[in-house]
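Here's a quick briefing to read alongside the model. Have the sequence and the 3D view open as you go.

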Amino acid sequence: MKELSPNDEAIVRALRKANVLQDIAGHMLDQREGVILVTCPDGDHFFDIFSRQLEMQEGQCDKRIHTFGWHGGSIRLAANSPANKRPDEHQIFLEEIRDARTIKGINTVALYAHAVCGKADVCNIDFLHLMHLHLQAKAAVKAMNDGISVACFLHITYPDMRRRTYFVSRPDWDQWIGPH
């Protein structure tokens with residue numbers, strides 16, 4: 001497993017300081033009907049991501065997670081993502097989410113990206129580009145689904161093997177990225 005670079009660690013610290021990456025609070029995500037989870041199926045990260053999502057559901061509903069696992073997770077939902085092999089590939093994933101919403105009656109989506117992501121690395125997507133794609137994915141899901149709730153999370157494995165999952169604040173990201 002590739003490690004988070006010192007530069008990426010510095011960016012993560014800056015994003016934490018700017019409140020872009022926030023500690024998660026499960027009660028803030030309405031999961032009474034369950035959640036559609038979009039994540040990368042990477043075996044080094046998936047269990048931790050899925051377990052965290054289960055924890056966030058406690059007290060809201062019986063365990064109900066409808067999972068989509070594509071290499072790269074949420075970054076595959078962004079138009080023009082280098083992680084996709086065909087120009088319209090993101091549409092297929094977006095349609096799957098829309099269909100799941102209809103079939104399962106779930107109106108909450110949790111989008112996950114993780115660092116370091118092997119798919120992103122192979123596609124030459126650096127950490128900041130991954131963050132851009134992650135948040136573009138949120139906009140794409142919302143554009144295709146009126147009235148849906150979408151939250152972005154980032155799962156990080158630090159070089160010392162600590163694992164953390166953070167909520168990604170879009171307004172704080174927009175404010176932080178503006179001057180960068």
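Two strands count as paired here if DSSP finds at least two bridges between them. By that yardstick, strand β2 (residues 35-39) and β3 pair in the parallel sense, over five bridges. Bear in mind that this is a predicted model. The rest goes topic by topic: the sheet, the helices on it, a helix pair and a pocket.

**The sheet**
- Six strands make up an open sheet with mixed pairing, and their order is β1-β6-β5-β4-β2-β3.
- At the edges sit β1 (21-23) and β3 (65-69), each of which pairs on one side only.
- On average, neighbouring strands of this sheet are turned by 30 degrees against each other, direction ignored.
- If you want a landmark for the β2 and β3 pairing, V35 has I65 in β3 as its bridge partner.
- Over at the β1 edge, β1 and β6 pair in the antiparallel sense over three bridges, and D23 has Y166 in β6 as its bridge partner.
- β5 and β6 are also an antiparallel pair, with six bridges; here H155 has T165 in β6 as its bridge partner.
- The hairpin of β5 and β6 has five residues between the strands, and in it M161 takes a positive phi near 75 degrees.

**Helices on the sheet**
- α1 lies across β1, β5 (149-157) and β6 (163-168), and runs at about 65 degrees to β1.
- Helix α3 (residues 89-104) packs on the sheet too, touching β2, β3 and β4. Its direction makes about 165 degrees with that of β3.

**The α1 and α5 pair**
- Helix α1 (residues 6-17) packs with helix α5 (residues 127-144) at an angle of about 45 degrees, and their axes are 10 Å apart.
- Angles that are neither under 35, over 145 nor 65 to 115 degrees count as oblique, so α1 and α5 are oblique to each other.
- Who meets whom? From α1 come D8, I11, V12 and L15, and from α5 come F127, L128 and M131.
- Sorted by class, this contact has six nonpolar residues, one charged and no polar ones.

**The largest pocket**
- The largest pocket has a volume of about 220 Å³.
- Its lining takes 16 residues, and D8, V116, D121, I125 and F127 lie nearest the centre.
- β4 (108-115), α4 (118-122) and α5 are the elements that give two or more residues to this lining.
- By class, the lining of the largest pocket has eight nonpolar, three polar and five charged residues.
- Two names turn up twice: D8 and F127 are in the contact of α1 with α5, and both also lie among the residues nearest the pocket's centre.

Terms used
Residues are numbered from 1 along each chain as its sequence is written. This is a predicted model: local features need pLDDT of at least 70, side-chain atom pairs count only at pLDDT 80 or more; totals for chains, interfaces and linings use all residues. Side-chain values use heavy atoms; hydrogens and water are left out. Axes are lines fitted to C-alpha atoms, for helices over the stretch in contact, and angles run from 0 to 180 degrees between N-to-C directions. Helices (H or I, at least four residues) and strands (E, at least two) are DSSP runs, numbered from the N terminus. Contact means heavy atoms within 4.5 Å. Ala, Val, Leu, Ile, Met, Phe, Trp, Tyr, Cys and Pro count as nonpolar, Asp, Glu, Lys and Arg as charged, and the others, Gly among them, as polar. On a 1 Å grid over the protein atoms alone, a cavity is a set of points where a 1.4 Å probe fits but cannot get out, and a pocket is an open set with protein on both sides within 12 Å along at least five of seven lines; lining residues have an atom within 4 Å of a point. Grid points are joined across faces, edges and corners, and a volume is the space filled by probe spheres set on the points.
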